[in-house]
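Student: Please take me through this model and show how each description follows from its definition.

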Amino acid sequence: MLEIRGLRASAGDKEILKGIDLTVNAGEVHAVMGPNGSGKSTLAQVLAGHPAYEVTAGQVLYEGNDLLDMDPEVRAQAGIFLAFQYPVEIPGISNAYFLRAAYNEIRKSKGLEEVDSMDFLDLLEEKLRLVEWGPEIMSRAVNSGFSGGEKKRNEILQMAVLEPKLAILDETDSGLDIDALRIVASGVNALRKPDNATIIVTHYQRLLNYIVPDQVHVLSAGRIVRSGGKDLALELEARGYEWLEQEVGAAS
Amino acid sequence: MKEAHLQEYGLKVPVLTAETPDWLEPVRKAGIDRFAAVGFPTARDEEWRFTPVGPIAQGTWRHGTGSTHGVTRAQLAPFIFGHPEWTTLVFVDGGYSEALSSTGALPAGVRAGSLAEALRADGAMLEKHLARHASIEASPFTALSTAFMRDGGFLHVPANTDLTRPVHLVFVSTREAAGSVTYPRNLVVIEQGARASVIESYVSLAEGTSYWTNAVTEVVAGANSWIEHTRIQRESERAFHVGLTHVEQQRDSHYRSFTLAMGGALARHNLHARLNGENVETLMYGLYLTRGDQVVDNHTAIHHDQPNCRSWEVYKGVLDGRSRAVFNGKVFVKPEAQKTDAKQTNRNLLLSDAAKVNTKPQLEIFADDVKCTHGATVGRLDEVALFYARSRGVPAEKAQRLLTYAFAAEVTSEVVLEPVRSELDRLVRERLGEM
């Protein structure tokens, strides 16, 4: 589904990603871990097409197409979804309005008819249940005045409605209390299907207790320094990132 | 030209005073004398520094005829909203049109109609308020209005009465208005414990016509009254519009205004509120949408004269083309006005490189136990917010419109009365492009 080869990216003059290789197949969950500043959030944002980053080298193929050549909205229409680390507040428009606009744009791109607000509310009902929310949240302005946990839940709700093929969760677990973490994780698990894939970007192993990854990759200074199974996350939790960084440093 | 207006006064005054009560004559005289003394403002006047009124000052302006010029209800339909049972008073080129107006069922004792008629019928009732609140010293334009006032809306809601349905004053300019000036003059008196919604619309039936509207509205908010006042300025984009709204608030009153400015080549509105009693609440919301070469200026002044009052002000602007906006927000807090809580915000969104904003908060605080804040911003759409919308599948251009709309909708959503809020929403969408 996704093939990243030799990806390098910069923000301004600063190179952050220094050659990433990663392959994600349909049905898989990958965890990308790493210390602060390792580039894991940048990787998530580059995949979604964040304009703050410039790709300087490498290639990303998504379902065989050149992902880097696609505008962010085209990526979304093709099934890529980024759950933001810091979801944006948009006072002035309701959660329902925003999400329906997005939903309809994705439908339009597939040649499907737009849905009106009544039909959309029906569709929402089931999705809201997934994140254990009532309909009131939909009349509030997008993320405006939401708590940190509510914002993250809202990202999962958006994901549930937009039904991406490749979901990228950028530090979705940070700042969540244990209940919110459980809700977010069960939402993600409920959306797992054999034909879609998930990339979980996280600093901590905690979320991986709930969403079990097929592969774990450790990023350090813009490179993947180790890949392994789910046990790698536990080892990192026990021994910290320094251990791995030292080991890698000694080896090179 | 100043001289032309003085001459006009000499010609007009016998006609004007024949129609209106005796007490008004010295009031008019004071107005014209004030104008004679100060003349039109220039860029050297601090109050008018960014607002070039040269085209008004140098122009020759006929006085509006006040005839209905064959205007039909069908022509007015695009400007009328709400419910048919609302009271809608229509003024065409400065004069009241009974045929185009409709008076719904009003609660007992409520007066809603033409000011000219009210002056003929019961001038004594008006004597207490008309031209007593909007000072001729507020601006030379107010002085001129006071000298030449002829017609406009008059609303009186007696004590402890709920108006229930709003009164909509519609000032229409036709093609015949080209080269003329009108002086809409409104008086709104909401007595103690009463509740009312008032809407003023300034509209044009002939886009591209150049005329000048010089409007003054006085609002008296009695003790414990509740008022929602909406002002919709949709003049021709070649017209000139100067307006002053003065609000006099007594204790425990709640006054909330919403001002939409989207018309005019040059449009200036002053909104002044005097908080003349304790526990007064004043909310001022504004939105201006400008494009082309429009210049839109909002000056507000909130006078905290008494303790324990609260004022909350949010003006927002969306500017395109080479347009320019001016915002000046004054808050005066007298020494005795302790426990004042005042907040002022002006936010501007620039859609083009050539658009400009001059924004200036002006707080003069003479009490020590107060909470007064202000903030002004001028900027572009937030890149991260744009990316957020695009990352959800919304194309770039539509994401821009969506976020621009959201910026404006944040302030229109503050309007309490639903049909008014919907109409404002419709106007915003129409201007910013349907989504």
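Tutor: What follows is a set of questions on helices, strands and a chain contact.

This is a predicted model, in which local features need pLDDT of at least 70 and side-chain atom pairs count only at pLDDT 80 or more, while totals for chains, interfaces and linings use all residues. Residues are numbered from 1 along each chain as its sequence is written, and chains are lettered from A and ligands numbered from 1 in the order in which they are written.

Student: Why are α1(B) and α2(B) called roughly antiparallel?

Tutor: The axes of α1 (residues 2-19) and α2 (residues 24-38) of chain B cross at roughly 175 degrees and come within 11 Å. Axes are lines fitted to C-alpha atoms, for helices over the stretch in contact, and angles run from 0 to 180 degrees between N-to-C directions. Angles under 35 degrees count as roughly parallel, over 145 as roughly antiparallel, 65 to 115 as roughly perpendicular and the rest as oblique. The two helices are therefore roughly antiparallel.

Student: Which residues make the contact of α1(B) with α2(B)?

Tutor: Contact requires C-beta atoms, placed from the backbone, within 7 Å. α1(B) contributes His5(B), Leu6(B), Tyr9(B), Val13(B), Leu16(B) and Thr17(B). From α2(B) come Glu25(B), Arg28(B), Ile32(B), Phe35(B) and Ala36(B). These residues divide into 7 nonpolar, 2 polar and 2 charged. Ala, Val, Leu, Ile, Met, Phe, Trp, Tyr, Cys and Pro count as nonpolar, Asp, Glu, Lys and Arg as charged, and the others, Gly among them, as polar.

Student: What makes β6 and β12 of chain A edge strands?

Tutor: Each pairs on one side only. The open sheet has 6 strands in the order β6-β9-β10-β3-β11-β12 (chain A), with mixed pairing.

Student: How do you know that β6(A) pairs with β9(A)?

Tutor: Pairing needs at least two bridges found by DSSP, and 4 bridges join β6(A) to β9 (residues 166-170) of chain A. These two strands run parallel. Ala83(A) has Leu169(A) as its bridge partner in β9(A).

Student: Which elements of chain B give two or more residues to the side that touches chain A?

Tutor: 18 residues of chain B are in contact with 22 residues of chain A. The elements are α7 (383-390) and α8 (396-412) of chain B. α8(B) gives the most, with 7 residues.

Student: Which residues of α7(B) are buried?

Tutor: They are Leu386(B), Phe387(B), Tyr388(B), Ala389(B) and Arg390(B). A buried residue has 20 or more other C-beta atoms within 10 Å of its own. Together with α8 of chain B, they pack against α2 (72-77) of chain A.

How values were computed: Contact = placed C-beta atoms within 7 Å. Buried ≥ 20, exposed ≤ 12 C-beta atoms within 10 Å, placed from the backbone.
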